[in-house]
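Here is a short report for someone meeting this structure for the first time. Look at the view below, then read on.

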Amino acid sequence: MSFDRTIRIAPSILSADFANFGAEIRAIETEGADWVHVDVMDGHFVPNLTFGPMAVKAFRPHVTTVMDVHLMIAPVDPYIDAFAEAGADILTAHVEAGPHIHRTLQAIRGAGMRAGVALNPGTPAEAVAHLLDLVDVVCVMTVNPGFGGQKFIDMTDKIRCLRAMIGDRPVHIEIDGGVDPVTAPLVVAAGADVLVAGSAVFRGGSAGNSAPYGANIRAIRAAAEATRDAA
Ligand code: DX5
Ligand code: ZN
């Protein structure tokens, strides 16, 4: 059976109400999220701070789908076990985060998680050429990481290149940054199957009024799937 490349929508809780994470996670899952994307920032690798393993552990009981943890931190290795204990299903490290990404990815799998590798917009596809048998997810950043709500940067050439490099391997291509119903078709046409979206999912709603989350998720999914159907 071939690898399942059904479109998956992964709302980023970076755009959620930071005083209400449990309810926000439950709301996006009720409204159709496939994965829950958790952005960990260290104020060093990126110019912003979010949360660490203790917060991720507190999110865990609220996630019934897949907890997709995106580390924007350097170094990564000292924290891998803590994120495994916190219950991350997927742990993604940046290829730019240190000189020994190969060791990092081995350690993530060794700790029992699925491994992801992320590329900043300025990093070429070739940077992960020798890592594709070590990962379950390649995350292509379509913004410079650090903040939600930034303008989409067109990385479709890189995505096409990665899709060809991945071939039959069981590796998802995840897109992170500025994904909305307008940009989703571009990246899906190029070969992406997992779409992270923060501001485009959370806008207009709240945990107590989650219907807009559902409408936003459906709008992104419909735009992405229409592109697939046309192909
Ligand atoms: C950016 C983060 C993203 C971000 C996406 O540094 O990695 O996951 O939350 O937010 P939007 O969808 O608003 O660009
Ligand atoms: Zn992210």
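How do the residues of the shell around ligand 1 divide into nonpolar, polar and charged? The count is eight nonpolar, ten polar and two charged. Keep in mind that this is a predicted model.

## The shell around ligand 1

Ligand 1 is surrounded by 20 residues. The closest are Asp39, Gly146, Asp176, Gly198 and Ser199.

Three side chains offer an N or O atom to an oxygen atom of ligand 1. For Asp176, the distance is 2.6 Å. For Ser199, the distance is also given as 2.6 Å. For Ser12, the distance is 3.0 Å. How much of ligand 1 does the protein bury? Alone, ligand 1 would expose 380 Å², and the protein buries 100% of that.

## Where the ligand sits

Ligand 1 lies in the largest pocket. Three strands each give two or more residues to the shell around ligand 1: S2 (36-41), S3 (67-72) and S8 (194-197). Which of the elements gives the most to this shell? Strand S2 does, with three residues.

## The largest pocket

The largest pocket holds about 310 Å³ of space. Its lining is made of 27 residues. Which of them are closest to the pocket centre? They are Gly148, Gly149, Gly177, Gly178 and Gly198. Gly198 also belongs to the closest residues around ligand 1.

Strands S2, S3 and S8 each give two or more residues to the pocket lining. Helix H7 (199-202) does so too. By class, the lining of the largest pocket has eleven nonpolar residues, twelve polar residues and four charged residues.

## A cis peptide bond

One more feature deserves a look. Which two residues does a cis peptide bond join? They are Ala74 and Pro75. Omega for this bond is about 0°. Most peptide bonds are trans.

Where is Pro75 placed? Pro75 is in the loop between strand S3 and helix H3 (80-86). Strand S3 has come up before: S3 is among the elements that give two or more residues to the shell around ligand 1, and S3 also does so for the lining of the largest pocket.

Note on methods. Residues numbered from 1 in each chain as written. Chains lettered and ligands numbered in written order. Predicted model: local features only at pLDDT ≥ 70, side-chain atom pairs only at ≥ 80, totals over all residues. Heavy atoms only, no water. Near = heavy atom within 4 Å. Polar contact = N/O pair within 3.5 Å; in protein donor to acceptor, adjacent residues only side chain to side chain. Areas by Shrake-Rupley, 256 points an atom, 1.4 Å probe, with all protein chains shown as cover. 1 Å grid on protein atoms, 1.4 Å probe; cavity = no way out; pocket = protein on both sides within 12 Å on 5 of 7 lines; lining within 4 Å. Sits in = over half its atoms within 2 Å of the grid points. Helix = DSSP H or I, 4+ residues; strand = E, 2+ residues; numbered from the N terminus. Nonpolar A, V, L, I, M, F, W, Y, C, P; charged D, E, K, R; others polar. Points joined across faces, edges and corners; volume = space filled by probe spheres on them.
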